[in-house]
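Here is a short briefing on the fold of one chain. Read it with the model open.

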Amino acid sequence: EIAYRVKTEVRPKQKDDSKGVIMSYIITETNQQCLTITLNRTDKKNALTRDMYQEMANAILGVKNDGSTKVVVIKGAGDCFTAGNDIGDFAQQQDHAQVPETAAFMRALAACNLPVIAQVHGLAVGIGTTLLLHCDFVYATPDTRFVLPFINLGLVPEYASSYLLPKVAGHIKAAEWLMLGEPFTSADAYQFGILTKIVDAHEIDQTVQTTVEKLVAKPSFSLKQTKALLKGDGERTNQ
């Protein structure tokens, strides 16, 4: 039996007149010991607002120690994973103001003691790429385009990416991606260790589901302890 837990948000929702329901920008679904978080702001290419960050943080923290959930999946609805932050929403923040919602999500994902799978397609801009460095399995379609545009916006890299990317891809490739801020392909991402596998669009749902089923079948204690050992430098990435 499928159990649904749909989070609501304080911002106006999208009205789906054909079904007569209000759609949240973040949809969470728990099914067979797997929490799936879907970015559902398709009209804005799943650009993330502060409220959406908080919803995702709440969802991850809500299953961290619930005793039944064993896997977390993050994916995007529509034609892309995410176009990154909603600049209009974040522009409402005062200069140098803290963004607690973003930090809450980053900490929740980095500290998540459950395996996290990212299912990526279309665009993965900014946080759409850096969050992948904190996941355990990343599957992407061949046409996915990744970009770390921070330098083009006069910003420094976020979410420990300047620490993690050189470890994963090497200094030379990390410097190219972070200092030039140019898009790169799924083939590049796979070659330099960001992706688990490149999967055709018509197969990616099943590929992710197969990995979920394999993980759910593992002993919970061993699964969590193995992740903890793999993430032994977590304190550095949480700073």
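**Helix packing and strand pairing**

The crossing of α5 and α6 is right-handed. The model behind this briefing is predicted. Its chain holds 10 helices and 12 strands. Of the 239 residues, 48% are buried.

**Helices α5 and α6**

- Helix α5 covers residues 161-169 and helix α6 covers residues 171-180; they pack at an angle of about 135°, and their axes lie 7 Å apart.
- That angle makes α5 oblique to α6, because it falls neither over 145 degrees nor within 65 to 115.
- On the α5 side, the contact is made by Ser161, Ser162, Leu165, Pro166 and Ala169.
- On the α6 side, His171, Lys173, Ala174, Trp177 and Leu178 make the contact.
- Which residues of α6 are buried? They are Lys173, Ala174, Ala175, Trp177 and Leu178.
- What do the buried residues of α6 pack against? Their partners are α5, β11 and α7 (186-191).
- Just after α6 comes Gly181, with a positive phi of about 65°.

**Helices α1 and α3**

- Helix α1 (residues 50-63) and helix α3 (residues 100-110) have axes that come within 8 Å and cross at roughly 30°.
- The two helices are therefore roughly parallel to each other, because the angle is under 35 degrees.
- The crossing of α1 past α3 is left-handed.
- From α1, the residues in contact are Arg50, Tyr53, Gln54, Met56, Ala57, Ile60 and Leu61.
- From α3, they are Pro100, Glu101, Thr102, Ala104, Phe105, Ala108 and Leu109.

**Strand β7 and its neighbours**

- How many of the residues of β7 are buried? In this strand (residues 116-120), 5 of 5 are buried.
- Val116, Ala118 and Val120 point one way from β7, while Ile117 and Gln119 point the other way.
- Both sets of side chains are buried.
- Strand β6 (residues 71-76) pairs with β7 in the parallel sense, over 4 bridges.
- Within that pairing, Val73 stands opposite Ile117 of β7.
- Strand β9 (residues 137-140) also pairs with β7, in the parallel sense and over 4 bridges.
- Here Gln119 stands opposite Tyr139 of β9.
- β7 thus has two partners to trace in the viewer, β6 and β9.

**The β8-β10-β11 sheet**

- An open sheet of 3 strands runs in the order β8-β10-β11, with mixed pairing.
- Its edge strands are β8 (123-125) and β11 (184-185), and each pairs on one side only.
- Are β10 and β11 parallel or antiparallel? Strand β10 (residues 145-147) pairs with β11 in the antiparallel sense, over 2 bridges.
- Phe146 has Phe184 of β11 as its bridge partner.
- The edge strand β11 is also among the elements that the buried residues of α6 pack against.

**Whole-chain figures**

- Contacts between residues 24 or more positions apart make up 70% of the chain's contacts with a separation of 6 or more.
- The chain exposes about 12200 Å².
- Carbon and sulfur atoms supply 53% of that exposed area.

Key. Residues are numbered from 1 along each chain as its sequence is written. This is a predicted model: local features need pLDDT of at least 70, side-chain atom pairs count only at pLDDT 80 or more; totals for chains, interfaces and linings use all residues. Side-chain values use heavy atoms; hydrogens and water are left out. Buried means under 20% relative accessible area, exposed over 50%, partly exposed in between (1.4 Å probe, protein chains only). Two strands pair if DSSP finds at least two bridges between them. Contact means heavy atoms within 4.5 Å. Accessible areas come from the Shrake-Rupley method with a 1.4 Å probe; for residues, only the protein chains shown count as cover. Axes are lines fitted to C-alpha atoms, for helices over the stretch in contact, and angles run from 0 to 180 degrees between N-to-C directions. A crossing is left-handed if the near helix is turned anticlockwise from the far one by less than a right angle, and right-handed if clockwise.
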